[in-house]
2 protein chains.
Amino acid sequence: MTAIPVDVPRTKGSVTLPTEAGHEAAVRALFEKWGADAIRDSDGTVLSPELLAMGPRIYSTICLVRADQECARRHPDKLPMKFLMSEPVTAGSERVCIDPLAGFHREKYKLAAAPEAMEYWEVIDRTTGEVLRASEWAFDPASGLVTMKSAVPFHVYTVNVLVYVIWDTTSMYNHLVNKWNRPHVVSVDPYDAETSDELMAFFQRWLDAHPQTAVVRLTTLAYHFNLDCDENAADKFRDWVGYQETVSIAALKDFETEYGYRLRSEDFVDEGYYNATARVPSERYLDWMRFIHRFVVRFGKALVDRAHAAGKKTAIFWGDHWIGVEPYSPEFQEMGIDIHVGACEDGVALRRVADAPGPQVKELRLYPYFFPDVFREGGDPLAESTANWSKIRRALMREPVDRIGYGGYLSLVTRFPEFVEHVAWLCDEFRAFRRMSRGTESYKAPVKVAVLNAWGKWRAWINSFGAPQKFLVKRPDVTLVAGTNLLECLAGLPVDVEFINFDDIRNGVAKGINVIINDGDAETAWSGGRHWADPQVAAAVRAFIHRGGGFIGCRGPTACPRQGRYFQLCDVMGVEKETGQGVQSAALRPSHVPPHFITEDCREWDFGCTESFVYVRDPATQLLAAREAHVMLAAKEFGAGRSVFMAGLPYSPENARLLYRAILWSARLENSLARWFSTNVNTDCAAYPEADVFVVANSVNREQATTVYDGDGNPQEITLPPLASRWYRGC
Amino acid sequence: MTAIPVDVPRTKGSVTLPTEAGHEAAVRALFEKWGADAIRDSDGTVLSPELLAMGPRIYSTICLVRADQECARRHPDKLPMKFLMSEPVTAGSERVCIDPLAGFHREKYKLAAAPEAMEYWEVIDRTTGEVLRASEWAFDPASGLVTMKSAVPFHVYTVNVLVYVIWDTTSMYNHLVNKWNRPHVVSVDPYDAETSDELMAFFQRWLDAHPQTAVVRLTTLAYHFNLDCDENAADKFRDWVGYQETVSIAALKDFETEYGYRLRSEDFVDEGYYNATARVPSERYLDWMRFIHRFVVRFGKALVDRAHAAGKKTAIFWGDHWIGVEPYSPEFQEMGIDIHVGACEDGVALRRVADAPGPQVKELRLYPYFFPDVFREGGDPLAESTANWSKIRRALMREPVDRIGYGGYLSLVTRFPEFVEHVAWLCDEFRAFRRMSRGTESYKAPVKVAVLNAWGKWRAWINSFGAPQKFLVKRPDVTLVAGTNLLECLAGLPVDVEFINFDDIRNGVAKGINVIINDGDAETAWSGGRHWADPQVAAAVRAFIHRGGGFIGCRGPTACPRQGRYFQLCDVMGVEKETGQGVQSAALRPSHVPPHFITEDCREWDFGCTESFVYVRDPATQLLAAREAHVMLAAKEFGAGRSVFMAGLPYSPENARLLYRAILWSARLENSLARWFSTNVNTDCAAYPEADVFVVANSVNREQATTVYDGDGNPQEITLPPLASRWYRGC
């Protein structure tokens with residue numbers, strides 16, 4: 001083939017920018033330069049006539065639960081609540097005194113100590129696991145202390161308490177981290193009927209007062225994600241998708257009525273792990289999530305209906321108060337949201353937004369945020385944006401979105417002229433994708449990949465952080481993945497992806513799925529933990545593979561120590577992990593690393609670890625890469641199917657290619673490789689059959705030559721400048 | 001002080017050598033050169049008049065259970081038995097066929113399929129953990145196969161079978177590894193009364209036929225340790241201290257009568273882990289060990305009584321058939337053994353022999369064994385001996401032994417003249433220790449260290465191999481410890497050591513113990529696993545520390561995932577391990593590594609791992625060493641006591657010093673450091689107050705200068721040649 005490069009005409013639009021009072025000239029200049037067509041104001045910003053004269057579409061932001069501070073202060077007993085576990089205290093004698101809030105930031109919480117709240121408090125002997133009887137401890141409201149007089153010496157005790165969140169988490173974060181010095185913002189809990197009525201009335205007045213607003217940007221809806229600081233304002237706990245701060249006594253009671261059982265504080269506290277995303281979720285916690293999600297949908301729908309009645313569209317931002325929104329749930333569509341905005345710093349984040357079902361317009365809020373943490377003397381916003389965009393563009397080649405945008409203070413940007421030029425190029429490149437692809441789907445290999453974990457769709461395209469994440473020292477508000485990052489590799493591959501959980505496969509893997517990926521630390525939600533002890537699960541996945549399915553295990557796949565196995569699908573993968581139990585049995589040591597389809601493109605990979613502690617257990621296993629005697633990559637046939645084990649997979653162009661080849665090999669689709677395929681691992685290509693075009697992109701900052709195979713397998717030599725993409729007609 | 005070096009006169013004796021038929025001249029020359037006073041013959045060796053003329057004490061070796069091959073072949077139904085688990089088989093359909101012996105060396109086992117044996121067979125669905133009913137499977141004696149007709153597809157099945165050991169393990173090992181080509185040796189099980197009577201009669205005849213024998217070396221007693229090969233003769237499983245091959249139906253039935261319950265095959269098979277030493281032992285397996293131990297003591301006593309009646313002494317060798325001997329058990333003394341010989345390649349092995357209680361003469365069988373694996377073209381026996389001896393000598397300075405010796409073929413040694421000279425020096429040095437110390441105890445710091453694991457005295461001074469051991473590629477018959485080796489560090493420290501288990505402390509730690517060490521992989525017998533879930537254990541250890549005790553945790557100390565903690569004594573140690581469950585909670589990151597008593601002598605250590613995944617959990621923790629953000633060494637006060645955490649501790653002079661300082665610090669005995677203390681970490685000193693001498697030794701092959709502090713803390717400068725030791729009068 002000899003396809004002809006297309007000179008894509010420059011256009012404008014599809015870009016949203018923030019406004020900034022007092023810097024109208026800067027806003028206007030960048031609006032023009034970057035070809036923006038929408039402006040987002042913040043709460044309280046008044047748009048100047050000068051800006052309005054540009055004719056932008058106006059997004060106005062409102063976060064209703066914190067918009068009316070008067071309402072919050074009128075109802076101190078209607079603030080969001082949560083359950084906290086005190087720091088564990090070791091009894092030095094029979095007398096123990098616990099300050100439940102010690103170790104938490106003193107300004108964020110207030111103990112809820114009314115009788116109906118106290119009913120939920122629990123004092124637990126963590127050495128025995130027993131809950132103490134109420135007569136065995138006492139709470140003194142004056143001091144805020146819990147005391148015990150007959151503790152068992154040298155047992156460890158904790159107190160689970162119910163508290164009010166008296167400082168909105170985002171406000172607190174900006175106060176502590178970004179040194180904002182504004183009055184503490186308080187959020188309210190919209191679950192309370194009276195509060196909800198007040199919020200609706202407030203919203204109606206707000207709609208009436210914003211005639212120029214085309215889009216109401218609900219930032220976001222009802223409940224804040226969990227972010228805790230210690231007494232010294234240092235990070236203590238973060239769960240960006242956790243339902244910890246969704247509690248109220250009214251909701252707990254309604255839940256009890258609806259589900260027929262009563263939740264305990266320990267159901268939320270979860271031994272102090274707080275049902276964080278890495279934990280295999282309990283059925284009780286999942287019930288609570290479903291319950292709150294349905295409430296948030298009802299609350300959101302009421303807001304959307306009002307906005308629509310006022311002739312406005314609505315947007316949600318996958319941001320601070322996003323808990324309960326769940327864009328992958330079918331109920332989400334009942335809200336009627338029009339635009340779905342997501343912060344996006346990599347391919348995973350793009351797919352999180354782009355893959356969400358429904359008719360919503362999809363918009364990315366790109367990084368860096370225009371904020372002094374990066375836009376300062378010595379900061380390098382250009383490098384950050386370039387690194388992000390090369391990953392985002394890979395993913396964009398697989399799933400389209402409709403718009404991009406930025407947030408923060410535009411006035412900060414003007415001091416970085418190279419960055420201004422770079423964003424102009426980036427916006428043009430994004431619009432070229434829009435224009436050339438016409439929003440159509442790009443070519444996919446005939447393979448559907450299902451990512452199997454304990455969450456499934458509930459946590460589609462959420463980073464499955466592993467233990468190395470805890471030891472990563474990084475900028476606090478930037479997503480940087482330590483060690484393995486298989487999802488980022490996957491985000492840019494031309495394959496269909498869906499996320500499934502163990503309920504989805506317990507009775508058999510759905511038709512249409514070709515390859516299952518199980519990627520995560522052992523015994524966490526990401527690999528599945530106790531679900532692998534379920535005979536139905538293990539048998540269903542084995543049956544799927546045996547009849548021809550592919551399986552890719554990464555990190556601690558199928559790990560669950562039981563019946564002599566750590567990897568429950570050890571028989572399928574042919575490898576096993578040594579945890580210390582089996583030191584006296586010998587590992588097989590295949591000396592021969594055979595040439596293999598999976599490893600054809602590269603010689604060396606970084607698997608994100610130096611020691612996997614995984615060894616070959618079955619002689620039929622093909623060892624494809626090892627570090628000393630530790631298995632890094634292995635493959636095995638199982639019945640008509642095939643499996644691949646990887647010790648880890650940090651994102652890199654080489655590893656993304658490795659994953660693609662592993663997917664095709666495990667699905668016996670090796671022959672599909674040379675279809676819309678760019679041989680050089682630093683390049684990617686995507687074809688849009690409906691638009692009769694294809695694009696080739698260079699991910700690295702050096703010129704790259706590559707061979708591109710078209711849909712019939714015909715090769716063409718192409719050379720691309722650093723970081724560039726180029727469009728071709730003919731597909 | 002200015003102590004005066006002593007010129008130790010050369011003497012002879014305290015050395016045992018093997019003899020070798022046909023090489024009398026070589027034997028005689030080395031016997032003279034090395035100052036030996038005893039000769040050990042092997043089964044069947046006839047000593048020449050020439051050798052007898054040297055007047056050696058004669059040790060004659062007999063391993064009774066394999067001495068009479070006629071007896072073994074007369075009683076094919078009285079061979080030792082064991083339980084094996086088949087390789088797990090995944091059901092592809094409802095019909096499953098399992099060859100129970102597939103994967104095992106075909107010449108070692110024979111299925112025991114008589115009805116009374118079949119009663120112990122178990123077919124287990126490893127996917128559900130359920131034992132199948134006997135009606136659900138069938139065994140075909142002709143094919144040796146077990147078949148099922150209604151298996152659950154894609155469940156995994158195993159068959160536990162009872163087998164006869166039809167090839168003695170040592171014979172098989174020499175056949176396969178050392179390419180010996182002699183007839184297969186078969187051992188018998190002395191548990192059978194008739195067999196036992198035959199063995200006793202054989203032994204009596206043997207005693208009568210060996211009038212020149214002074215010492216009967218029982219090599220060793222009744223049951224062989226477990227060593228399995230696969231079908232290709234590759235190593236499959238090794239447990240040097242396991243009771244796997246001690247089974248007979250008679251013993252099982254007697255056990256049932258005595259203990260009131262019946263053991264299952266699964267009690268032995270243990271999911272395929274076979275109760276290997278790393279496994280936290282079950283009470284049922286411990287009962288079996290006690291039962292067999294008592295039998296071995298009865299059997300051994302009968303042999304010893306006969307030898308004594310014949311005017312001979314007895315020796316046991318801690319070797320192949322040593323299972324059931326248990327030299328640390330009080331019952332062991334009932335046997336009346338006179339000499340206790342142990343193979344010894346490092347300080348741990350010396351301590352294993354030297355610390356065993358009782359009046360036995362202690363003798364070390366040193367390495368390298370005179371065998372062609374080392375004594376070959378290109379082999380370096382000198383380097384191996386030098387490396388071993390520098391570790392053994394460190395330990396010898398803490399606990400004396402009475403004799404040393406060698407094994408193998410002396411004729412091989414003569415081709416290595418430097419090695420011959422080296423051994424002459426080594427024997428002289430050993431005799432100098434004997435002569436100067438007069439066998440008295442060396443000075444110890446006033447601290448008693450208890451090593452706490454699930455075995456206690458049952459496995460005193462047994463290497464606590466961790467997971468890295470599995471990935472070590474090494475010579476199969478040499479003990480080389482991968483990664484951490486705290487015991488080797490401990491073996492050469494001037495402290496009292498004992499080994500305790502969790503029963504020993506459940507009701508309180510005994511008076512006299514100053515420091516508890518808990519060292520081992522998480523959830524193994526070495527760290528203790530489920531014992532840490534016992535509230536009595538956790539509370540007892542906390543109470544001990546709180547009232548002033550020391551605690552040193554290494555690798556996975558107190559690990560047992562439960563109630564929000566992985567390290568159950570997280571409160572004591574101040575550090576916690578991240579397994580993936582707590583990724584969303586932040587680690588404390590102390591930036592300041594303070595100067596500390598523990599770390600005063602060195603700057604850099606190798607903790608045997610690059611990532612510990614351990615982080616600081618309590619702000620009172622002192623972080624003493626870290627690698628990136630991973631804690632390697634930390635210290636904390638707890639009540640009146642102190643604890644130290646180490647991520648690992650491979651043996652090195654620096655790490656041994658680190659451990660010594662950690663012990664003294666944790667016991668608040670910092671002031672005891674400069675007492676009989678040599679400042680240079682490559683040197684050690686030991687004082688013998690009763691003998692009024694002290695010795696200083698240099699562990700490395702370079703001259704070392706050091707300051708030695710005497711018992712009153714007075715310093716003296718001393719310089720030592722490479723690897724040398726020097727004795728001084730005055731103590």
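Q: What makes a pair of residues a salt bridge?
A: A side-chain nitrogen of Lys or Arg must lie within 4 Å of a carboxyl oxygen of Asp or Glu. In this predicted model, the closest N and O atoms of Lys470(A) and Glu578(B) are 2.8 Å apart. That value is within the 4 Å cut-off, so the pair is called a salt bridge.

Q: How many salt bridges are there between chain B and chain A?
A: The count is four. Polar contacts were also sought across this interface, and 42 residue pairs are found, both residues at pLDDT 80 or more.

Q: Which elements of chain B supply the side that touches chain A?
A: Among them are strand 16 (235-239), helix 17 (535-546), strand 28 (614-616) and strand 30 (630-638), each with at least two residues. Helix 17 of chain B gives the largest share, six residues. By class, this side of chain B has 29 nonpolar, 21 polar and 18 charged residues.

Q: How do you know that the copies are related as by a two-fold rotation axis?
A: A turn of 180 degrees with a shift of 0.0 Å along the axis lays chain B on chain A, with an RMSD of 0.0 Å. The two copies are therefore related as by a two-fold rotation axis. In chain B, the residue closest to this axis is Thr610(B), at 4.2 Å (C-alpha).

Q: Why can it be said that the copies meet through the same surface?
A: Because 100% of the interface residues of chain B are also interface residues in chain A. Each chain brings 68 residues to the contact.

Q: What area is buried between chain B and chain A?
A: About 5,700 Å², with 54% given by carbon and sulfur atoms. On the side of chain B, Lys470(B), Phe471(B) and Gln584(B) lose the most area to chain A, together 16% of what that side buries.

Conventions. Residues numbered from 1 in each chain as written. Chains lettered and ligands numbered in written order. Predicted model: local features only at pLDDT ≥ 70, side-chain atom pairs only at ≥ 80, totals over all residues. Heavy atoms only, no water. Least-squares fit on C-alpha atoms with pLDDT ≥ 70 in both. Contact = heavy atoms within 4.5 Å. Buried area = accessible area lost by both parts, 1.4 Å probe. Polar contact = N/O pair within 3.5 Å; in protein donor to acceptor, adjacent residues only side chain to side chain. Helix = DSSP H or I, 4+ residues; strand = E, 2+ residues; numbered from the N terminus. Nonpolar A, V, L, I, M, F, W, Y, C, P; charged D, E, K, R; others polar.
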